[in-house]
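Me: I should like to learn how to read the sheets of a model. Please take me through them.

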Amino acid sequence: MPFSPSVDSSVAFLLNGGEMGERMLEHDWSRTAIGPPEIWPVALKTLVGVMLGANQAMFIAWGDDNAMLYNDAYAEMLGRKHPQALGTPSREVWHEIWGQLKPMFNQVWAGLPVHMADITLLIDRHGFREEAHFAFSYTPVRDGRGEVQGLFCASQETTGQVLAERRQKEETERQRRLFEQAPGFITILRGPDHVFEFVNRAYNRIFGDRDYVGRTVRDAFPDLSSQPFFDLLDAVYRTGQRYIAQHIPIRLQPGLGATEEEVFVDLVYEPIVDENGEVTGIFVEGHDVTQAHLIQDALQASDRQFSAMAQAMPNQVWTANADGEVDWFNEQVYQFSGMPLGSLEGEGWWNIVHPDDEASAKVRWARAVSAGEPYENEFRLRRHDGTWCWHIARAVPIYSNAGKVLRWVGTRTDIHDQKTAAEELRELNETLEIRVEERTAERDRVWRNSRDLLVIIGADGIFRAVNPAWTEILGHSLEEVQGHSFLEFVWPEDSRRTQDGLEAAALNIDLTNFENRYRHKDGSPRWISWHTSVEGENIYAYGRHITAEKNQARALLRTEEQLRQAQKMEAVGQLTGGIAHDFNNLLAGIVGSLDIIQARLAQSRFDQIERFTKTAMNSAQRAAALTHRLLAFARRQPLDPKALSANQLLSSMEELLRRTLGPLYRMEMFTGADLWATRCDPNQLESSILNLVLNARDAMPGGGKLVIQTTNMRLDAGSPVHPQEMAPGEYVAIAITDTGSGMSADVIKHAFEPFFTTKPLGQGTGLGLSMVYGFVRQSEGHLHLTSAPGEGTTVRIFLPRHHGNVDAEGAAARGEVPRARLGETVLLVEDEPVVRELVIEVLQDIGYTVLIAADGPAGLEILQSARHIDLLVSDVGLPGLNGRQMADLGRQVRPELKVLFITGYAESAAGAQGFLEPGMEMLTKPFAVDALAAKIQEMLQG
């Protein structure tokens with residue numbers, strides 16, 4: 001109502017105040033404690049004028065009764081309480097919530113303001129109680145004396161916003177629960193740095209719990225920095241284009257310093273777009289397909305083995321792809337048909353099927369392919385001479401983990417004679433066969449609709465419901481299963497584990513690929529792989545029949561074992577052939593020389609006997625060296641390990657190595673500073689290094705450069721030169737590098753095999769690298785070879801670090817045979833008569849008293865007697881008691897007894913470490929006379 005001079009100026013503040021201004025002008029204020037507007041205090045008039053002119057909801061509670069004055073916006077909040085609320089005490093207007101409002105009103109009347117950002121009130125403003133949300137401020141209104149006369153409120157209803165946010169939150173939470181229950185892994189990434197906002201249980205299970213939420217992908221997965229996933233996420237965020245990948249490998253480290261593990265996943269990177277079309281994050285979803293990938297690789301290897309076996313079979317064998325197109329026949333099919341190789345693949349094989357049988361054969365084959373069921377059919381095939389012969393063809397499908405047919409394997413068997421004899425019976429039963437075939441086809445269609453086991457089971461283990469696949473897979477009718485406990489059907493050995501799995505599933509722990517066996521009605525087991533989820537009080541389980549896959553895996557293991565056995569036999573054959581060849585050559589030199597010596601002695605011709613003696617001795621020494629190399633390769637060589645410095649050993653050999661190489665070759669030696677000690681047989685290590693240097697020289701016939709380097713190396717599983725079969729740890733490494741012709745990958749593969757050599761005939765036995773390899777492995781180290789044609793070769797010897805002091809160097813002086821000084825007594829125990837007589841002769845010649853025994857028990861009897869014995873010299877491999885057992889029993893009565901073992905081979909003495917105790921030494925057969933005498937004198941003189 002516009003202002004006019006006829007209106008009392010004392011109420012002009014109510015003019016232009018909308019509906020509520022008019023109602024205040026017309027209201028009967030005499031019935032209220034406030035009184036008429038003309039006498040209202042100036043502060044109240046001013047505040048009411050401001051309130052009526054505002055668009056925001058406002059009210060004033062005035063006087064002792066908190067009488068209500070409000071504007072049009074607040075009237076909408078009051079609902080059915082308006083207009084009766086005007087001038088009414090607040091406690092009556094809001095009687096249903098006065099218990100919540102009264103403390104706030106009292107606080108304002110005490111002079112303190114009140115502010116509420118969000119308050120929930122259950123109000124009755126439309127005839128029913130409803131939840132409402134408000135944000136408001138209560139401000140005390142004072143008079144000129146500063147006393148509180150009333151309350152002013154500016155209010156905003158937020159009910160719609162709060163309820164919308166609540167619905168959004170509930171919807172978000174519902175989606176998160178669904179994501180948590182999803183069998184595949186799911187995560188939500190936000191922002192250009194891809195910060196984890198959410199990950200489900202499957203994500204944690206597959207990739208490990210890395211405390212994802214709030215971290216960036218680069219922070220959570222530092223082990224993926226060398227893989228393409230970060231760049232792919234950046235590209236999806238930048239372009240807004242979805243990324244999809246299947247069977248993509250991911251290499252992860254399950255823990256700090258752990259070996260990388262590889263998993264394969266199917267995944268989708270889906271950009272999250274806001275209402276403006278801007279990418280704000282990425283939704284990641286996928287599945288772990290590692291098992292399927294590994295099975296696919298195994299199947300491919302199995303296919304190759306199958307092809308080899310199928311070619312060797314006398315039967316006709318063929319394969320087809322998943323669509324039923326025949327793509328391979330073995331040679332027996334082509335020999336039977338007389339057709340050219342390769343002409344029968346695809347549709348070509350129908351050319352040898354009898355025209356009258358072709359249509360039915362195609363129908364049955366198409367039906368089997370469509371159903372994914374085993375195929376069997378009889379038809380006639382044309383032989384190479386034109387004769388039509390009856391065959392029975394059978395084929396079985398090969399399934400993937402998902403139950404999808406991957407390919408078919410089939411055979412054909414000649415049944416012409418049986419078919420001819422049974423033709424009359426076939427005709428009589430033809431009608432029956434048709435009916436059976438029709439019923440089988442109907443059953444197959446039902447089977448295709450329910451190929452896997454579906455179960456609803458309670459936490460008590462009672463089946464609530466099962467699908468018809470139970471009858472097909474396990475032979476039990478639905479009535480025999482429903483209402484019964486799973487314990488009546490599960491395989492007895494799997495009962496406890498299955499009960500534990502059921503209890504875990506009941507606790508809402510999803511089972512994935514949980515495998516157990518169920519008893520078929522015929523009593524045989526069936527392997528089932530389960531996946532579960534929980535809803536309410538029921539457990540929902542999906543079971544896939546995997547008995548065939550289990551059988552295939554066992555068959556694959558058996559085939560691999562047979563292949564390994566064949567490879568072993570081939571290696572044994574190669575080894576024995578090489579030994580026979582080399583030993584026959586050496587024996588020819590020995591026998592021939594001795595024959596000539598014998599003839600010359602008979603003729604009394606002594607002039608050239610020394611030359612033939614040296615020839616025989618040289619052949620014998622070469623035979624001994626060959627034996628040592630074979631034992632080294634087999635890691636059965638008796639060793640005398642000592643703590644040594646590889647730097648000192650190489651320094652002592654440097655002049656020898658330079659003379660061995662000659663003037664055409666430049667040798668550089670780099671010895672590592674503070675090189676660790678190692679423990680091995682120093683003589684064998686010298687021989688190994690010399691052998692490798694000679695190999696390097698032979699690889700550089702026109703001259704070249706040789707580098708020998710020693711270093712300390714700490715090797716872990718991720719080291720680029722770390723062999724897979726080598727244990728991580730600390731090693732002393734000796735690297736020998738040449739600039740020679742190098743080796744191909746095929747040569748490297750056979751380099752350590754005995755008698756394998758690339759040198760011309762007569763210039764190498766092929767045992768050099770084998771000996772080095774065997775010695776290093778026997779010393780608990782490893783030999784590693786890297787090479788490429790034209791780029792030279794590097795051979796690294798890795799020997800374990802020894803934590804201890806280096807043994808003092810000592811070398812026995814060689815010259816005249818040392819003689820006994822005091823006529824000491826030596827007990828000799830040797831079962832080989834020839835060796836025994838020779839050793840007796842040597843010991844007596846140099847002045848020792850010799851006691852003799854031919855076996856372990858006889859030697860022990862002498863040791864347990866009262867005879868004086870200064871030293872026991874014994875073979876290790878003795879009848880009755882071996883040398884070590886005899887020595888241990890002898891030391892029970894002679895604790896200070898010194899023992900010298902002489903052996904050519906003894907598996908228990910393959911390494912002296914742990915075999916030899918203090919006061920024990922070892923000498924390897926064959927040995928020189930002066931070596932035996934020197935060793936005895938050394939032991940007796942301390």
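The dialogue below treats strand order, edges and pairing.

Me: What kind of model is this, and how are residues numbered?

Reply: This is a predicted model, in which local features need pLDDT of at least 70, side-chain atom pairs count only at pLDDT 80 or more, and totals for chains, interfaces and linings use all residues. Residues are numbered from 1 along each chain as its sequence is written, and side-chain values use heavy atoms, leaving out hydrogens and water.

Me: In which order do the strands of the open sheet with E1 lie?

Reply: Strands of a sheet pair through backbone hydrogen bonds, either parallel or antiparallel. Strands (E, at least two residues) and helices (H or I, at least four) are DSSP runs numbered from the N terminus, and two strands pair if DSSP finds at least two bridges between them. Here the order of the 5 strands is E2-E1-E5-E4-E3, with antiparallel pairing. Strand E2 (67-70) and strand E3 (114-124) each have a single partner strand, so one side of each lacks a neighbour in the sheet.

Me: How many bridges join E3 and E4?

Reply: E3 pairs with strand E4 (residues 129-142) in the antiparallel sense over 9 bridges. Met-116 stands opposite Phe-136 in E4.

Me: What is the strand order of the open sheet with E6?

Reply: Its 5 strands follow the order E7-E6-E10-E9-E8, with antiparallel pairing. Strand E7 (195-199) and strand E8 (243-252) stand at the edges.

Me: Which residue stands opposite Phe-185?

Reply: Gly-286 in E10 does. Strand E6 (residues 185-190) and strand E10 (residues 279-288) form an antiparallel pair over 6 bridges.
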